Every structure is written in C-alpha cells, then in structure tokens.
Amino acid sequence: MANQQILPLLLLALYTPFLLSANLAESSYEENDDSPIARFRQYLRINTAHPNPDYAPAVSFLKTQALSISLQTRVLEFVPSKPVLLVTWPGSNPSLPSVLLNSHMDSVPVEPEKWVHPPFSAIRSPDGKIFARGAQDDKCIAVQYLEAIRNLKAKNFKPTRTVHISYVPDEEIGGFDGAAKFVPSKEFEELNVGFYLDEGQASVTDEFRVFYADRSPWQLVIKAMGEPGHGSRMYDNSAMENMMKSVEAISKFRESQFNKVKAGMAANSEVISVNPVYVKAGIPSTTGFVMNMQPSEAEAGFDCRLPPTADPDLLKKRIAEEWAPDIRKMTYRITQTGPIRDHKGRPLMTRTDESNPWWSVFNQAIAAVGGKLAKPEILSSTSDSRYIRQMGIPALGFSPMTNTPILLHDHNEFLQDKVFLKGIEVYESIISSLSSFTQESDQRPAL
Ligand SMILES: [Zn+2]
C-alpha cells in the first residue's frame, strides 16, 4: 500500500526534468514579436475569408508595416468596404515604368472542424509548419514583399524604378470589385506599370514554378425545351432527349481534350476543360420526382476553362451548333468571368523568352539566389493577372515555395517557416534586379 502511494511521486520526480525541458524546447519555437515570422503569423490571424472578409484590419496591419519602413501608402476605394491598399517605394528615376507587385487580401472559406489546428490561429508546429488559411494563398507573398524591402533598405539599396505593391480585395470571387475596378482606373494608369508580379503556386520539387498565362473561365448553362408527355410514350424531341444528346456531344469533346492530357501531349492547363456541375430537370413530388411524366424543361451547367491559345469564337460556334442547337429547341448562356484577349485582340500570354527583357531579368534574379525555374506554365485556374495582361502589361505568376505540398484552398493549409524565410531572400533579389533594370529605349515592352 505504502509503495503504491510512493510510486506516482517517484515517477513524477523522475519525469519532472523531462517535462520542463520539453516546455523549454517548445517555447524556443516562439519567435520574438519583431521577426518576419511573427509578422507573417500576425497577418494570418486576420480573418479575411469569404463570405465576409474583414478588410479593414488587414489594410491597417499592412499599412502599419509599410509605414514602419518609411514607404508611402494610399488607400483607394472603388467599391465601399472593398479597399485597395497601394504601397510605394519611389525610385530615383520615377519617369521609368514602375514595377508592381500584387497580393490579394481575401481567402477562401474554411471548414474549421476538418483542420488539425484552428485555421486563424497560425500555429507553428515544432517542425516549423505554420498552419493557417492563406498561408500559401497568398498571405505569404503579401508579407514577403514588405520584408524583402525592409532588408533592402537596411542594406541601403536604392531602387532606380519605382516599386509599388497593391493589396486588393475579392480575388477569390473573381476580382470584379477588386482588380477589375483598379486596373482600368486613372490611379492605376498613373502608376505607369512596366512589369507586374502576382501570386503563383507551390512547387513539390526544388524548382520554382512560374506562370505566364491564366485559363479563362466560362460558365455555360444549356437549356432544353420540349413537349411534356406521359412517361409511357415514345416521341421525338422531348426536353430530356434533347438534353441527353447535348450531354453526349459535350462528353465526347471533353474526352478529346482529356485524352491529350492522358497521352502526355498537353498539360491540364493547356486544354479546354469542360466539367458538368449541375443538372436540373424533373417534376418534384412528395416522394421525390413524378416518374410517369416527361418534363418540358431541362437545364445543365458546365464549368469551362479556355487556355489563351484556344479560339473563343470556335468554341462559341461549337456550343451554338452542337451543344445547344436551335433545331433541338435549345438555348444557352455563357458567363465569361474575365477577359480572354487584350485590347488589341492578342491572347493573354506573357512572353517567357529573350524577346521579353523583363523575363531575362526575372530569370537571372532567381538564379542569383541559387534558385531554378521550372518550365513556365499556364495557370489552370485564374488570378488577377488576367486584368493586367489585358492592358498589354507583361505579368508573371510566382510564389516562392519549393518542396511544398500544394495546399491552396485545402484543409490544413500550411507553409514551412524556412520556405517562407527563403522567399524573402528570393524577393530581395527580384525586387533589386527589376528596380535596377534600365533599358536604352525604355518603351513599355509589349506583352
Ligand atoms: Zn490566391
């Protein structure tokens, strides 16, 4: 009995030093408040997830950081409660076209119960992973831009070209009240942007990924009309029959595109993707649907994505003639969410060869910090870059994250602390190179 009482005490005495050292080890992961990691985590704790992103604290945080390193700031508001924060580092030759770095302040929603850590607490695990919504998409670059400038200023670097950073709202919901309003504005024109950098994506290898184009999203809705009839009757041109013929034609086209990917002839982002997202038909009953009646209407929705190399007129013709033809009493509606050609009718692609001097400078800046670029890609989805390319301004998508799983929009989004810190070094090289680059004839280079 006595022994049994002493045993727990003995065990406690034996383990106490280990418990203490474990606590100490954990606290050593905590950085002081005045560090890039601390500022990154602070920004991650500001919840700007849809559907109700709170932009005011995000603007206030970023503005405070920018002012702490003597940068100029300006808040523009094209739509109430949807601010655009503009940060400026004036160059010694402000007549040269400027460099603009962009980051969106919003993020996609979360399902907190599916996360190992609360998504807005920015927990840093003992192995250095920082968990938060936005850690990869794209709050990392928002802070890295400023930290890179902080370091360059500390080294007494002076830019020749002016460097701007724009922090925009609503990218995750199409950018209609954000970049789409900002880019055509007088304020944007006054920035005289020569080159633009925006978010990219994580790379699972040790090569950085870079994106020279986005695919353009089309939301396609097709609708079939037809004579209603008894479920037992066979007749031509019922709404459902017409709809099924269309679905068959669309599936065939989808397969032709997907086969190119499967055969390794094209990347996912280089083909036209068409994916069914809903089908609506039938007459509801108390137990489900009326089964002995053929409905007079049917509707289906498709998410389509066009690479810049696709011919939009050709796809429209295919939709009108094969997927929703008049002769089958069908109608269709296409909602384009963003441009697919620039003002001169050219595909929205930024050149990634020697003919684009900005590309060469960017490429060399990456190499200067021991980095390697993977083959330039088309982004499968979209970013605000498409609005910039529409203006004929060269734009690249880039987020310096190597050896990192792609977790944007996923549960347990995280970024490794070392990867975040390396990214600051990468941007120091990029910002110093781009802002020092001067050409003999400094016309704004074409897309
Ligand atoms: Zn993003």
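**Figure 1. A122, a buried alanine with a positive phi.** In this predicted model, A122 has a relative accessibility of 0% and therefore counts as buried. Its place is the loop that runs between β3 (98-104) and β4 (123-124). Look at the backbone here: phi of A122 is positive, about 55 degrees, even though the residue is not a glycine. As background, most residues other than glycine have a negative phi.

**Figure 2. D170, an aspartate with a positive phi.** D170 belongs to the loop between β6 (163-168) and α5 (179-182). What is the phi of D170? The value is near 65 degrees, which is positive, and D170 is a residue other than glycine. Is D170 buried or exposed? With a relative accessible area of 2%, under the 20% cut-off, D170 is buried.

**Figure 3. Two cis peptide bonds, each with a residue in a loop.** As a reminder for this view, most peptide bonds are trans. The bond from H50 to P51, however, is cis, and its omega is near 10 degrees. P51 sits in the loop that links α2 (36-44) with α3 (55-68). A cis peptide bond also joins D137 to D138, here with omega at about -10 degrees. D138 is found in the loop between β5 (129-131) and α4.

**Figure 4. The packing of helices α2 and α3.** This view takes in the two helices on either side of the loop that holds P51. How are α2 and α3 oriented to each other? They pack at an angle of about 160 degrees, with 10 Å between their axes. An angle over 145 degrees counts as roughly antiparallel, and α2 and α3 are therefore roughly antiparallel to each other. Their crossing is left-handed. On the α2 side the contact is made by R39, Q42 and Y43, and on the α3 side by A58, F61, L62 and Q65. Sorted by class, the contact of α2 with α3 has four nonpolar, two polar and one charged residues.

**Figure 5. The packing of helices α4 and α11.** Here helix α4 (residues 139-154) meets helix α11 (residues 417-436), with the axes 8 Å apart and an angle of about 60 degrees between them. The two helices are therefore oblique to each other. The crossing of α4 and α11 is right-handed. To trace the contact on α4, follow C140, I141, V143, Q144, Y145, E147, A148, I149, N151 and L152. Their partners in α11 are V419, F420, G423, I424, Y427, E428, I431 and S432. By class, the contact of α4 with α11 has twelve nonpolar, four polar and two charged residues.

**Figure 6. The largest nonpolar core and F362.** Which residues have the most contacts inside the largest nonpolar core? They are Y167, F362, F398 and I430, in a core of 64 residues. Helix α4 gives the largest share of this core, with nine residues. Take F362 as a starting point: leaving aside its neighbours within four places in sequence, F362 is in contact with L197, V210, L373, L396, F398, I430 and L434. Another core lies apart from the largest one and has 22 residues, among them I222, A300, W323 and A324.

**Figure 7. L434 and its contacts.** L434 is part of helix α11. Its relative accessible area is 1%, and L434 is therefore buried. Setting aside neighbours within four places in sequence, the contacts of L434 are V99, R161, F195, W358, V361 and F362. It is worth finding S98 in this view too: the C-alpha atoms of L434 and S98 are separated by 9.1 Å, although the two residues are 336 residues apart along the chain.

**Figure 8. The whole chain, as a setting for the close-ups.** The protein chain has eleven helices and 19 strands. Along the principal axes, its C-alpha atoms fill a box of roughly 90 × 85 × 45 Å. How much of the protein chain counts as buried? The share is 51% of the 447 residues. Among contacts in the protein chain with a separation of 6 or more, 79% come from residues 24 or more positions apart. The pair L434 and S98 in Figure 7, at 336 residues apart, gives one example of a long separation along the chain.

How values were computed. Residues are numbered from 1 along each chain as its sequence is written. This is a predicted model: local features need pLDDT of at least 70, side-chain atom pairs count only at pLDDT 80 or more; totals for chains, interfaces and linings use all residues. Side-chain values use heavy atoms; hydrogens and water are left out. Axes are lines fitted to C-alpha atoms, for helices over the stretch in contact, and angles run from 0 to 180 degrees between N-to-C directions. Helices (H or I, at least four residues) and strands (E, at least two) are DSSP runs, numbered from the N terminus. Angles under 35 degrees count as roughly parallel, over 145 as roughly antiparallel, 65 to 115 as roughly perpendicular and the rest as oblique. A crossing is left-handed if the near helix is turned anticlockwise from the far one by less than a right angle, and right-handed if clockwise. Contact means heavy atoms within 4.5 Å. Ala, Val, Leu, Ile, Met, Phe, Trp, Tyr, Cys and Pro count as nonpolar, Asp, Glu, Lys and Arg as charged, and the others, Gly among them, as polar. A nonpolar core is a set of buried Ala, Val, Leu, Ile, Met, Phe, Trp, Tyr and Cys residues joined through side-chain atoms within 4.5 Å. Buried means under 20% relative accessible area, exposed over 50%, partly exposed in between (1.4 Å probe, protein chains only).
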